[in-house]
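Have the sequence and the 3D view open side by side while you read. We will walk from one pair of strands outward, stopping at the charged side chains along the way.

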Amino acid sequence: MTEYEWSRTMPAQPEQVFDQAANIGRLDAWLPVALHVEPEDPPAVTVHEDRSGHDMAALLRARPEQMRLEWGTREQDSYTGWLQVSGIGSGASEVTVHLSFFDPGHDPGEEAVFDALDGSLRRLEKQVRMRVDHPGG
């Protein structure tokens, strides 16, 4: 098993960050650009991966009371992950994403994973900033 973790501080209350991250209709705005999530019967989703061209059955659960998202593959145990939002005071939050790859063939490698995590959290921060700066949009 290979595990990765990445964190980023965001200039917003944890509830605002979590609401943006957990909005299933807006996941494509911040997820890695090569991943696309299609909701099914919650918590079931289908994830399309551009790299392989395959669709994968997955689960996505939001736990608002914990400000946590959890996900993973449905039919095989190749991949899981979570996103945790924590308040750090002064109206800021820390977002941590943790990924676990149980199938080495599913792991794209350290550099690719960290690039994807960094890019995703930067896009999420941009979405959060837009929401905080323009509350109606």
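## Arg 61 and its partner across the strands

Arg 61 has Glu 70 as its bridge partner in S5. The two strands involved are S4 (residues 54-63) and S5, which pair in the antiparallel sense over 6 bridges. Here, strands are DSSP runs of E with at least two residues, helices are DSSP runs of H or I with at least four, and both are numbered from the N terminus. Two strands count as paired if DSSP finds at least two bridges between them. The hairpin of S4 and S5 has 4 residues between the strands, and Met 67 takes a positive phi near 50° there.

A word on the model itself: it is predicted, local features need pLDDT of at least 70, side-chain atom pairs count only at pLDDT 80 or more, and totals for chains, interfaces and linings use all residues. Residues are numbered from 1 along each chain as its sequence is written, and side-chain values use heavy atoms, with hydrogens and water left out.

## Strand S5 and its other neighbour

How many residues of strand S5 are buried? In S5 (residues 68-73), 5 of the 6 residues are buried, so the strand is largely enclosed by the rest of the structure. Buried means under 20% relative accessible area, exposed means over 50%, and partly exposed lies in between (1.4 Å probe, protein chains only). Glu 70 counts as partly exposed, at 24% relative accessibility.

S5 also pairs with strand S6 (residues 79-89), in the antiparallel sense and over 5 bridges. Glu 70 has Trp 82 as its bridge partner in S6, while Leu 69 stands opposite Leu 83 in S6. The hairpin that joins S5 to S6 runs through 5 residues. When you look at these strands, remember that in a regular strand the side chains alternate between the two faces of the sheet.

## The whole sheet

Now zoom out. An open sheet is formed by 7 strands in the order S1-S7-S6-S5-S4-S3-S2, with antiparallel pairing. Its edge strands are S1 and S2, each pairing on one side only. From one strand to the next, the twist averages 25°.

S6 and strand S7 (residues 92-101) run antiparallel and are joined by 10 bridges, with Gln 84 opposite Thr 96 in S7. There are 2 residues between S6 and S7 in their hairpin, and Ser 90 in the turn has a positive phi of about 55°. Towards the S2 edge, S2 and S3 run antiparallel and are joined by 5 bridges; His 36 stands opposite His 48 in S3.

## Helices across the strands

Helix H1 (residues 14-22) lies across S1, S4, S5, S6 and S7, and runs at about 155° to S6. H2 lies across S1, S6 and S7, running at about 25° to S1. For these angles, axes are lines fitted to C-alpha atoms, for helices over the stretch in contact, and the angles run from 0 to 180 degrees between N-to-C directions.

Met 10 is a good place to look, and it is found in strand S1. Met 10 is buried, with a relative accessible area of 1%. Leaving aside neighbours within four places in sequence, Met 10 is in contact (heavy atoms within 4.5 Å) with residues including Val 17, Leu 121, Leu 124 and Val 128. Met 10 and Glu 94 are 84 residues apart in sequence, yet 6.1 Å apart in space, C-alpha to C-alpha.

## Salt bridges

The structure holds 7 salt bridges, each a side-chain nitrogen of Lys or Arg within 4 Å of a carboxyl oxygen of Asp or Glu. One of them joins the side chains of Glu 125 and Arg 8 at 2.7 Å, N to O. This pair links distant parts of the chain, with Glu 125 in helix H2 (residues 110-133) and Arg 8 in strand S1 (residues 2-10), 117 residues apart. Glu 125 is buried, at 9% relative accessible area. Arg 8, Glu 125 and Arg 129 are linked in a network of salt bridges.

Back at S5, Glu 70 forms a salt bridge with Arg 63, the closest N and O atoms being 2.8 Å apart. Arg 63 is partly exposed, at 28% relative accessibility. Another salt bridge joins Glu 40 and Arg 74, whose closest N and O atoms are 3.4 Å apart. Glu 40 lies in the loop between strand S2 (35-39) and strand S3 (44-49), Arg 74 in the loop between S5 and S6, and they are 34 residues apart.
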